Each structure stands twice: as structure tokens, then as C-alpha cells.
Amino acid sequence: MHTTVLEVGPRDGLQNEDRVLSPDDRIELIARSVSAGARRIEAVAFVHPGRVPQMAGAEEVMAGVPRRDGVSYSGLVLNRRGLDRALAAGVDEVNVVVVASDTFSVRNQGRTMAEMLDEWDGIAAAARDAGVPAGMTVAVAFGCPFEGETPPARVAEIARRAHAAGAFEIALADTIGVGVPAQVRDLARRTREAAPGTPLRCHFHNTRNTGYANALTAVDEGVAVLDASTGGFGGCPFAPAATGNIATEDLLYALHRSGVSTGIDMAAVAETGTWLGGLLGKPAPALLGRAGGF
């Protein structure tokens, strides 16, 4: 069995850190990930630098990433201006986030969920016309820090909109790390029913130490792509107390020991996590570098 690990460290891993890394450092992080075997990387976000200064210089980063056959670079976009920037910068795919609660959506993106779904329709059509695949990430699919539990039926309805507009992939994101395996099974099945034939991706945070169990459950449910961040850094600047993504190296350990191949060198990623922690001025949350592996 093979699972693709989508490396989100250069975007989600850095967007909530106090230290702002230079574009050159971010290019180095991406290059290290490619050398370790990552073939899908969320490299940048085309958002206003005043809102998320950690993501400034997206065009510069994209101009410097190593271009290799089989490596796909994704850019996060939230509006048509962001899409135009992403297309001009040469991304291979775009990722549009739609938040499954109005309170978080307004805080995070300045628009309600319904407004973002309308924005998604336009972005998906324009990206399709440009020949670039557009995928949707459903944020706070497992729970919202402001509104509490997210109704599963709402997640399914958002997935229907994604499917109707031709999303090449739908991601279920546990933005604040409240999900448990039973929810993973339920939401994966509901999403498949709402968006038949559309591949699923999952994005987990380890806030309550359920992230890796959720990832393995997603694999059992047939989810073929999992997001992870080198070193376990990450979090959302607009979500209170949001901690890091599941660590790429720790996820690789769990997958490889379970007989799931990824094509990524676990030791190389762990080394990069230690290096990244040095740049950020704090130890990497990932456990593999401290506990060792087999």
C-alpha cells in the first residue's frame, strides 16, 4: 500500500511562527523536502503580507524552488487576486480553503462560508480555464474554536459544492486538533457520498494527541493523501491555542512501521526538522529525532 504525504511545512508549518523566515530559507526547506523524496509540497500562500507576514515573498519562493519531474507545488489562494498571483508564479495546483463555520471564516478570511463558496466557484472555473487543478480544503471540519462541533451534514454540503465545481481533490482539515478516529470514518464516508469519485486528502493537527491515530484511520478508510509538516511545526494564526500539524517524520514512522510506503526518507526529514527548529529558535515538536527510529 502507498500513501502520499503532502509536505505543508513551508506554508502551514511557518504561518504561525514568531520568527519570519526569509524566502531563501523557505526555498532551502522546500529543496530539502524534495531531496528527501516529497513529491507534493504546499510551498506558499498568496495572501496579504499584512495579515500573514510569514508568507510574504511567495513569488520569490516560487521562482527559486527546484523544478523536477514528478514534483508538484501547491499554492494556497483565498480569492481571485490570489489565484492570479499563483498562476503567474507558476504553481502546479491551487488549494482553496473554505471554513465550515461563519465565525472562523470571517475571522480567517473576512467572508462568510457562503461568500467563500461563491468565491470558490469562480476560482475553480478560472483555474480550470488556465489548466491548473484546484482543490478545496474544508477547514474546521471536525470542530470550530468559536462555534464548537461542526455539523457533519454541513461538511458534506460543502463537499458537494466542491465536487460540482470540479475539485480535483477535497481535503478534510482538523484545524484545531479536536477530531477522533470515529469522526474520521464518518466524515470520510459522508464526503465520498457527497462527492463521488473525488479523491480525499486529510489534514490533522496533534493538539490533543489524536492526530496520528486519525491519520492511520484515514489510511484504513482509503484516503491516499495525508498532510504533514516537517518538525511538527504549524498552526493557524486566527485559531486560539492551535498547535502544530502532525510531524512528517513521526507520520512516516507510523506509516512505514505499518507497512505503508511513502517514498520519503524518514531520517532525512528528521534531520531537516532539527535544522528548521534551529532557524525558528525552538526545538521541533516531532518526537522521532529525540526517540530515534528503526
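## Rings, charges and helices

Arginine 107 sits over the face of phenylalanine 146, 4.2 Å from the ring centre. That is a handy place to start looking around this model, which is a predicted one.

Phenylalanine 146 also has an aromatic partner. Searching the whole structure turns up two aromatic pairs. In one of them, phenylalanine 104 and phenylalanine 146 meet edge-to-face, with 5.8 Å from centre to centre and 90° between the planes. Why does this pair tie together parts that are 42 residues apart in sequence? Phenylalanine 104 belongs to helix α4 (residues 102-109), while phenylalanine 146 is in the loop between β5 (134-139) and α6 (152-164), so the pair links those two parts.

Are the two rings buried or exposed? Phenylalanine 104 has a relative accessibility of 2%, so this residue counts as buried. Phenylalanine 146 comes out at 28% and is partly exposed, because anything between the 20% and 50% cut-offs goes in that class.

Back to charges over rings: arginine 32 lies over the face of tryptophan 275, and here the distance from the ring centre is 4.2 Å.

Now for the helices. Here are two packings that involve α5, side by side.

| Helices | Angle | Axes |
|---|---|---|
| α3 and α5 | about 20° | 10 Å apart |
| α4 and α5 | roughly 60° | within 8 Å |

Take α3 (residues 80-89) and α5 (residues 113-130), which pack at about 20°. Angles under 35 degrees count as roughly parallel, so α3 and α5 are roughly parallel to each other. Their crossing is right-handed. On the α3 side, the contact is made by Arg80, Leu83 and Leu87. The α5 side brings in Glu119, Gly122, Ile123, Ala126, Ala127 and Ala130.

The other packing looks like this: the axes of α4 and α5 cross at roughly 60°, which makes α4 oblique to α5. Which residues meet there? Asp102, Ser105 and Gln109 are the ones in α4, and they meet Met113, Ala114 and Met116 in α5. Helix α4 is also where phenylalanine 104 of the aromatic pair lies.

One last stop is aspartate 186, a residue of helix α7 (residues 181-194). Its relative accessibility is 30%, so aspartate 186 counts as partly exposed. How far is the C-alpha atom of aspartate 186 from that of leucine 14? The two are 172 residues apart along the chain, and their C-alpha atoms are separated by 30 Å.

Terms used:
Residues are numbered from 1 along each chain as its sequence is written. This is a predicted model: local features need pLDDT of at least 70, side-chain atom pairs count only at pLDDT 80 or more; totals for chains, interfaces and linings use all residues. Side-chain values use heavy atoms; hydrogens and water are left out. Helices (H or I, at least four residues) and strands (E, at least two) are DSSP runs, numbered from the N terminus. Buried means under 20% relative accessible area, exposed over 50%, partly exposed in between (1.4 Å probe, protein chains only). Rings of Phe, Tyr and Trp (its six-membered ring) pair if their centres lie within 6.5 Å; planes under 30 degrees apart count as stacked, over 60 as edge-to-face and the rest as tilted. A charge sits over a ring if NZ of Lys or CZ of Arg is within 6 Å of the ring centre and within 35 degrees of the ring normal. Axes are lines fitted to C-alpha atoms, for helices over the stretch in contact, and angles run from 0 to 180 degrees between N-to-C directions. Angles under 35 degrees count as roughly parallel, over 145 as roughly antiparallel, 65 to 115 as roughly perpendicular and the rest as oblique. A crossing is left-handed if the near helix is turned anticlockwise from the far one by less than a right angle, and right-handed if clockwise. Contact means heavy atoms within 4.5 Å.
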